[in-house]
Amino acid sequence: MGVTVIIPALNEAASIGKVLAAIPPGAADEVIVVDGGSTDGTAGIAQRCGARVIEEPQRGYGRACATGVVQARCETLVFLDADGADDPSQIPDVVALILSGDADLVVGSRLSGEVERGAMPFQQRFGNWLAAWLIRRLYGLAITDLGPFRAVDRGRLLKLGMVEMTYGWPTEMIVKAARSGWRVTEVPVRYHPRTAGRSKISGTLKGTVSAAYHILRTIFRYAR
Ligand SMILES: Nc1nc2c(ncn2[C@@H]2O[C@H](COP(=O)(O)OP(=O)(O)OP(=O)(O)O)[C@@H](O)[C@H]2O)c(=O)[nH]1
Ligand SMILES: [Mg+2]
């Protein structure tokens, strides 16, 4: 029982403390920061803020999340980013339908929620819209976004057999959930611009092309 919050982090020293402090008291029984070998002191800050820090030296957003899943001690998992883009005060909203047994996967939708100015460049907004449209068409799942802020049952997630270890991971979870007949629900969430540092993915051409490739490949791979 209980809730484990899993936060993948790579060089997010400017925001990790604020993110951890914003987790509402009582909202999580365990908070894991999966550190990808940060060189800016992220792991130390996370530890001092009371998080359980797990090192995952292999690169990849999905890899970090998957390591958190294996290590988590609670049955309900919540994923959110370390860069300050997601709002930890919304953890209770995201996790509620899992805890009540009314959903198997809850995805925080930024597009049906609130995107702060500068949080989501046009290409990221369009990419998410397109991916969600494809998933509606190919999988019959009524979703609007593929956001990282989400909640899921750990036992179920382990049975999905996740293989994507980069930015295709969140997409793979959704399409495999659809294929497995899970009850997938969205709740609106707020999305802020990352607290500090240059955008590594959504604001760069290389990052955008790579993320788009992994997301689209994953959608078509399981559509057959
Ligand atoms: N441990 C670990 N964490 C990662 C890795 N890549 C990204 N992250 C973390 O995963 C979260 C999402 O990554 P971001 O770089 O913010 O991805 P994004 O939101 O698509 O793009 P930008 O915010 O525009 O850079 C952040 O908390 C990152 O620190 C990695 O290889 N290892
Ligand atoms: Mg980000």
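Buried means under 20% relative accessible area, exposed over 50%, and partly exposed in between (1.4 Å probe, protein chains only). This is a predicted model, in which local features need pLDDT of at least 70 and side-chain atom pairs count only at pLDDT 80 or more, while totals for chains, interfaces and linings use all residues. Residues are numbered from 1 along each chain as its sequence is written, chains are lettered from A and ligands numbered from 1 in the order in which they are written, and side-chain values use heavy atoms, with hydrogens and water left out.

**Exercise 1. Find how the rings of phenylalanine 122 and phenylalanine 126 are arranged, and how open to solvent each residue is.**

Step 1: Let's start with the rule. Rings of Phe, Tyr and Trp (its six-membered ring) pair if their centres lie within 6.5 Å; planes under 30 degrees apart count as stacked, over 60 as edge-to-face and the rest as tilted. The count by this rule is four aromatic pairs.

Step 2: One of these joins phenylalanine 122 to phenylalanine 126, with 6.1 Å from centre to centre and 15 degrees between the planes, so the pair is stacked.

Step 3: Now the sequence. Helices (H or I, at least four residues) and strands (E, at least two) are DSSP runs, numbered from the N terminus. The two phenylalanines are four residues apart in helix 5, so about one helical turn separates them.

Step 4: Phenylalanine 122 is exposed at 64% relative accessibility, whereas phenylalanine 126 is partly exposed at 41%.

**Exercise 2. Which residues make the nonpolar surface patch of about 470 Å²?**

Step 1: Patches take residues with over 30% relative accessible area and no salt bridge; like charges are joined within 9 Å, and nonpolar side chains (Val, Leu, Ile, Met, Phe, Trp, Tyr) within 5 Å. Areas come from the Shrake-Rupley method with a 1.4 Å probe, and for residues only the protein chains shown count as cover.

Step 2: The members are Phe122, Phe126, Trp129 and Trp133. Tryptophan 133 belongs to helix 5 (residues 122–139) and is partly exposed at 32%.

Step 3: Compare this with the ring pairing: Phe122, Phe126 and Trp129 form one aromatic cluster.

**Exercise 3. Trace what the charged side chain of arginine 156 contacts.**

Step 1: A salt bridge is a side-chain nitrogen of Lys or Arg within 4 Å of a carboxyl oxygen of Asp or Glu. Arginine 156 makes one with aspartate 104, where the closest N and O atoms are 3.3 Å apart.

Step 2: Aspartate 104 sits in the loop between helix 4 and strand 5 (105–115) and arginine 156 in helix 6 (residues 154–160), so this pair ties together parts 52 residues apart in sequence.

Step 3: Aspartate 104 is buried at 5%, while arginine 156 is partly exposed at 35%.

Step 4: A charge sits over a ring if NZ of Lys or CZ of Arg is within 6 Å of the ring centre and within 35 degrees of the ring normal. The charged end of arginine 156 lies over the ring of tryptophan 182, 5.9 Å from its centre.

**Exercise 4. How many salt bridges does the structure hold, and where does the one between arginine 194 and aspartate 83 fit?**

Step 1: The structure has 11 salt bridges. In this one, the closest N and O atoms of arginine 194 and aspartate 83 are 3.4 Å apart.

Step 2: Arginine 194 is in the loop between strand 7 (184–191) and helix 8 (205–221), and aspartate 83 in the loop between strand 4 (76–79) and helix 4 (91–99), so the pair links parts 111 residues apart in sequence.

Step 3: Aspartate 83 is buried at 9%, and arginine 194 is partly exposed at 21%.
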